[in-house]
Amino acid sequence: MTRPLELLAPAKNLECGIAAIDHGADAVYIGAQRFGARASAGNSVADIAELCRYAHLFGAKVYVTVNTIIYDDELEDTRRLLEELQQNGVDAVLVQDMALLAPRTSHLAPRKSILAPRKSIEYHASTQTDNRTAEKVAWLRDLGFSRVVLARELSIDEIRAIHKAVPDVELEVFVHGALCVSYSGQCYASQYCFHRSANRGECAQFCRMPFDLVDADGRVIQHDRYLLSLKDMCRIELLEDLAEAGATSFKIEGRLKDVAYVKNVTAAYSERLNQIVHRHPDLYHRASRGHCRYSFTPNLQKTFNRGYTDYFARGRRPDIASFDTPKAMGEFVGTVKELRRDAFTVAGTASFANGDGLCFLDADRQLQGFRVNRVEGNRLFPQRMPDGLRPGLRLYRNNDQEFDRLLSRPSAERKIPVSLALRPTADGFCLSGDGSCLSSGDVSVTMVISHQKAEKPQCENIVRQLTKLGNTPFECTSVDLPADFDYFIPSSQLAELRRLLVDKLSQTSHYSQTSHYSQTSHSSHSSHSSHTSYSLLPLSSPHLLNIANHAAAHFYGVDAPSAYELRPTPDAVLMQCRHCLRYALGYCVRHGGQRPTWREPLFLRLGDGRRFRLEFDCAHCQMNVYADANEK
């Protein structure tokens, strides 16, 4: 039995969702109007329903993010939202708040959940639930989650170990896009500094700000650097290793990204997954149907990125951060060769177009950007000659006009191959579609049509009429007619037969297979969830800072909501990071670095003077960020 590999793409809106499907996604995730971890990326239930209808034509799925922590006065609205999502064909919801598994209130029937019935919609544990260990994944499985979205920080070996320990739950892993420096669900810096909660979908990007790094004596070790700003993740070269380790869904970050990003990145990863499936047809298959044709060549370097890293996939490495800038630099296109009064020449093989956006790091390592006004070969005329440009500087292109023009037009077509067969019946004809592309076997339609003997061969016209599948999701690969077929069928009736079959194919093409993971996890929910309590874990566990309503408090076995957003805790860890500044700067003795020359504790200092104490938890190879207890 082969295992499905799912490419999961982001959808900022309906347009992005449809583009993701057209460009090869097996599933998309999208935010509803409320309760998603990207508060500015909400969508109406009507648009989500339309996306479901389109995705299901290709056997693709739609997941909705309901993954913020929820306040008491929002539980009823959440219940209504979940009911509407189920009624409109959503395949799964991603959740963080365990109130969605707990009794609604104590005066209601025992164990009455605000979740919709589980027989037709699945529940995925968001990465916001901080999923780093096999123990946590097993606990979530026992609660009835069919899938767990793992922490971005895990290595391939750690993913493999989790899959080995908990083989009966789907594992979703991030493979591309922006990185949060803190473990997801464990960042309170935005709330502390700006009263904008990351756990409520309102992150203010604290980690993209410049800091000084100072020691206990006030000595500045690093000045005005983006010390917490990570490069973007790119694991396209590691998809096969991740699949072998047990990952079943490969997630692209980007619910705030535009449609061009979705098209390019989805197409690039879809092509790579197809190559893996082609090499290992006995191991894997794609989780949806249809093949894509593109009018462009996917190129990840041409899409927004801060430089790429595979993060901790193969263990700790020093180059995961972008200390110089949190902005996109794009692709390297050459070096500055010669300066003139209003133009300069570039040494390199890249070609340029009017309107391209270029950038470089100046002598102070500040990112400078400019627009190209006119191009003459390798001579570029900016709108204004940028300050700091000099021979030898490396140039990057973060806006490629030609590539953007390609993606601004229809750039992909996705079709499901189907072979047709036409046979006479006692009182008419039967047209069937080969069900190899479907989950429900062959599909056929019949029409009562009087049998008329053909006066001349009709096969060519019959094939021509039946293969006119036009803008449908299907394309005909062959038409099978009996060798002795000698009937005349008017073109109008052939067209009607074709229309009836396409309608039936569209209705029955919706994905109906249920993975063995889902079946197992649903059964485990019925036998385990009522007997499992997170309060069996130490009550000092970080989850306590994410309990925002009384239903969740009851679920965990604590007295009252204790969310950081409701009760700021002075000594709370604001961030838990696997990214470590000691290591990144070459001062981790455990990993072969030199001994530090500073006196700890170290502090991150914002431009306004606020400080944040760093704690190096070497036992867990982790850096924690605290508010400075001595601040006044």
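These legends go with a set of close-up views of a predicted model.

**Figure 1. The whole chain sets the scene for the close-ups.** Let's start with the full protein chain, whose secondary structure comes to 14 helices and 28 strands. Of its 632 residues, 56% count as buried. Among contacts with a separation of 6 or more, 71% join residues 24 or more positions apart. The chain exposes about 27,200 Å², and carbon and sulfur atoms supply 48% of that area.

**Figure 2. Helix α4 is mostly covered.** This view takes in residues 134-143, where nine of the ten residues are buried. If you would like to find them, the buried residues are A134, K136, V137, A138, W139, L140, R141, D142 and L143. Charged side chains are part of this list, including K136, R141 and D142. Just after the helix comes G144, which has a positive phi, near 110°.

**Figure 3. V93 sits in the largest nonpolar core.** This core has 114 residues, and the members that touch the most others are V93, F250, Y269 and L422. Helix α8 (residues 259-279) gives the core its largest share, nine residues. A second core of 49 residues lies apart from this one, and includes A27, C193, L606 and F616. Now zoom in on V93: neighbours within four places in sequence aside, V93 is in contact with V64, V66, L82, L85, I121, E122, Y123 and H124.

**Figure 4. The largest cavity has a volume of about 100 Å³.** The structure holds five cavities of 30 Å³ or more, and here you can look at the lining of the largest. R316, C580, R582, Y583, C588 and R590 belong to the lining, as do H591, F616, D617, C618, C621 and Q622. Two elements, α14 (581-584) and β27 (611-617), each give two or more residues to this lining. By class, the lining residues are six nonpolar, two polar and four charged. One lining residue, F616, is also a member of the 49-residue core.

**Figure 5. The second largest cavity holds about 60 Å³ of space.** Around this cavity you will find Q301, K302, T303, F304 and N305, together with A328 and G330. R397, N398, N399 and D400 also line the second largest cavity. Its lining divides into two nonpolar, six polar and three charged residues.

Key
Residues numbered from 1 in each chain as written. Predicted model: local features only at pLDDT ≥ 70, side-chain atom pairs only at ≥ 80, totals over all residues. Heavy atoms only, no water. Buried < 20%, exposed > 50% of the residue type's maximum accessible area, 1.4 Å probe, protein only. Helix = DSSP H or I, 4+ residues; strand = E, 2+ residues; numbered from the N terminus. Core = buried A, V, L, I, M, F, W, Y, C linked by side-chain atoms within 4.5 Å. Contact = heavy atoms within 4.5 Å. 1 Å grid on protein atoms, 1.4 Å probe; cavity = no way out; pocket = protein on both sides within 12 Å on 5 of 7 lines; lining within 4 Å. Points joined across faces, edges and corners; volume = space filled by probe spheres on them. Areas by Shrake-Rupley, 256 points an atom, 1.4 Å probe, with all protein chains shown as cover.
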